[in-house]
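Student: I am new to this structure and would like a close look at a single part of it. Could you take me through that part carefully, and then show me how other parts are packed?

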Amino acid sequence: MTEPPALPPAPDDSSSIRRERIHQRLQHLGPGPAALFEDMCRLVDHDFQLNSRSMLIFHLLRELESSVRAVLLPDEARVPREAGAGTAHKKAVEAILAALSIEKTSPSGKAWLKAVGTLQGRAHRRNLEHPQTVDADILERVDSLEGMLDTVLDAFEAHYLASVERLEALADIPEPTTADAQRLRKDFPQNQITWERFFSRLTTPAWLGPLRSAGFFADLPPVTVDDEGNQVSYLRWPASAYLARVAEADPEQVLVIARDVPETDNPFVNLDLVEAALRMPPAKAAKLAPRATTAARRSRELINPLRYAALVAHCAENSDQAPALDLMAALIDEAQSGGRLDEWEYEQILGHYAPRLAESVGLPWLEILADLLDQASGTPEEAASRSGMDMSRTYCPTLEQDRPHPYQLREARLTAAVRDAARHLLTSSRADLHAVLAVLDTYPWLIFRRLHLHVLEHHGDLTPALVSQALSDRQLARDDALALEWLRLARARCEQLEPEHRDVLMQIVREGPHTDKWKESHRRYANEEISDTKLRHLTDTWLRERYASIRPILPSDLQNDLQRLETEYGPADSLDDIKEPFVWTPPSSVSTDELAALNTTELVARVRAFTPSADWFTGQSEGDFAIQLRSAISQQARTHSSRSALFADLDDAYLVAALGGFTDAIRRGEDLDSEALVQLAATATERSASPRTHDILRESAQLLHGMLVRPTAQPVPDLAEAIWRTLTATLRTTDLPAAGDTDHWSDPRAQALRTMVAWARWRRTHDADFRRLFGVLDELTEPDSLAGSPIADLIVTVVGERFAQLTDLDHDWADRHAYLLTGSEPLTRLAWEAYLEASPNYRPAIELLLGAYRTAASTRTEDGTTRQEHLRIKLGSDILALLGRPHRTGRRGQHHPRLLRQLQR
């Protein structure tokens, strides 16, 4: 038998409308009365072949009348149950009618008074007789009672202020009891308005005990889902807000209640409990920190993560600091895995709260940060294969200062956090220099060797022997990757060296550089032998930099050599003003600073007038100029963005640079002219096909993506259609390299699809429709369409890497399409590995893919490659999250493979 709808239509339209109206008003009283009315309507309109149908109808009506009466009865008419029990029911109905200005002789008044005493009789059996059949008389009685409910509830809405006054009087009781809390449960509408009105008036802890006894802190607000079942939203919970307000006054009782509140995805409830913990002493707050950690790792949404970070700092003042560190690790994990923390929040957490943890926690905090930086830099196998070389010269050209940079990677922020923690520990004497350097020396990456020298530069006076050791090391002195930090250390500490160590340093410098590396590098990249002139130039400038850094201790002959070199090549490069990565670059006819000083019109004219040099070593190539143009536009993006249309007609290479410059500024948090930039991206997308079309489309999509995901750069909602048209045009572009000929990260079609997901998330924040995203995805992933698509690899890769976000947007869609990530076919393997590599640790997505996780955990995929080992580690991380175990992987994440082996057994 098919179940009838929740509220079946009445026999005629007017009755149906009346039922809808009654049902809606009953929902205002509470879910119970509304549910009773729904079932009563089912029984009236559907036979169900039940012999006791009439009894059930009147039983539901009796309960419904009782619940309505309990809410509407004025306080002055309330009497103890034993007082006048025979007439109390009738007197209560008369009091309600009078309070609502409904005449007892009106049809509704008569119907209600007539029902007094008769509902109970009809709801019960009559001896052993057969229950009465539902006939016209019963249906007429039901109809009259529906009419009574419609009239009474309408009048109650008009007199709602009286109910509010009763509610406020209850809230103002100075010493409430459990009985008072039960009155709130039974005698008032059970809805959000009631809770907000009542709890907002509570300013003392007096109500904590009574409300807890009545079960109010175990009754979380329901999750609401839109009509299509796609959009999940949460209600604020006035009870948790009350806990936060009174936590300082009674932290003990609030802690007991808060720990018993059921775990929830509701971000408002979780934030209220964080606020409550912040108002408690650190020892008590630390007992709530694990709950905040769970919310940070698992809940669908995370509101104001900076308050969670504040809780970390607060709990760190406690003697047991493990809960604080676990919570901070959860927040950083969220940011690093592309979770629910944006880049600004991540920067604030590391910039503001990390130093406070260094103060309160000490060396263990430096170890945690260094471990995170190590994991962000790559796997142990990658470090071994690349001899520890990383991209730190790009994302962090100098360790001396933090400044805006085009490459705002997570590694850059973690590097700054490690640097600041190390220096704070030494400045505050929380750790000695040997201990700090021992932490840094644990890891193989270049960035840690740079940090080692940086710390010695600023704190070498604590242990001079360590400075002498570093400046006497020939390998360090000739390591071009460490040149900036070594030169700064030499400049700062050379005068403090003992004579024997000065002699060693001088001998190392006199010996000069290892030119064989330069010869090999030139042969590899220029496909020719390096000329003697160029080799002499490189050697002389190398010596000039070293001589200049130790100028105060140079003997007279080397002083003369330095003067000669400076006369021939100019002064040594500054060690303080580092504008680009500290590597040698060919001479340029125009600098970034010169370009950045021009207004938009002048800059465009300068670009049009530029002629690339044919000699890559002595002149400026198109690529070099484009790099400087991108940097210049990034520096002055706010000035140029409003007139960005002027860049639309530049040559392809320079248009790509312009788009990239604006993207870099947006990633840095600049507030730009979104309308003008959306138009620039649209115009760029419409250009005629050329060898650089691939790059133009990719940069356009990345620009739009940056605008959609950064709070400081988000476009106005009116630009939604223009953005969508541009992304659609890019996605549908056909005259591009085949998907197999390009990396999915650089392919513009893949970037357009990623940006469409960001577009949908942006639209959701404005409560606007975003369903067209799933229309496109349905079309792209339809089996026949996917089988014949030249970009099938790209489609499934993006679906995989964005599966957690798609689950958050539309859980049902993700449930239906989880098959795209499961199985052994090549496309499903691509999607699964892309998902795993993204490592979102988003529990709802993990739960949809349980089958895939089981298969992956029990399937050996080791093929000796670094990537597969990396994926196995991330698989273990997700499984730990699924098991609900907050984790830290240790130095190398070696716990994960061990867990996988256990699962395989």
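Tutor: In this predicted model, R291 touches A258, V261, P262, E263, T264, N270 and L273, leaving out residues up to four places away in sequence. R291 belongs to helix α15, which covers residues 282–298. This arginine is buried and yet has no salt bridge, for the nearest side chain of opposite charge, that of E263, is 5.9 Å away, whereas a salt bridge is counted within 4 Å.

From this charged residue we can turn to nonpolar ones. The largest nonpolar core has 138 residues, and F198, L211, L331 and W365 are those with the most contacts inside it. Apart from that core lies another, of 87 residues, which includes A596, L650, A681 and L780.

Two helices show how such residues are arranged. Helix α10, residues 192–200, has Q192, T194, W195, F198 and F199 as its buried residues, and because these fall within an arc of 155° when seen down the axis of α10, they line one face of the helix. Two of them, F198 and F199, are among the contacts of L211, which also include A181, L184 and Y242.

In helix α41, residues 772–781, the buried residues are L773, F774, V776, L777, L780 and T781; seen down the axis of α41, these too fall within an arc of 155°, so they line one face of the helix. The buried residues of α41 pack against several helices, including α39 (720–731), α40 (748–765) and α43 (792–801).

Conventions
Residues numbered from 1 in each chain as written. Predicted model: local features only at pLDDT ≥ 70, side-chain atom pairs only at ≥ 80, totals over all residues. Heavy atoms only, no water. Helix = DSSP H or I, 4+ residues; strand = E, 2+ residues; numbered from the N terminus. Buried < 20%, exposed > 50% of the residue type's maximum accessible area, 1.4 Å probe, protein only. Lys, Arg positive; Asp, Glu negative; His and termini not counted. Contact = heavy atoms within 4.5 Å. Arc of directions from axis to C-beta. Core = buried A, V, L, I, M, F, W, Y, C linked by side-chain atoms within 4.5 Å.
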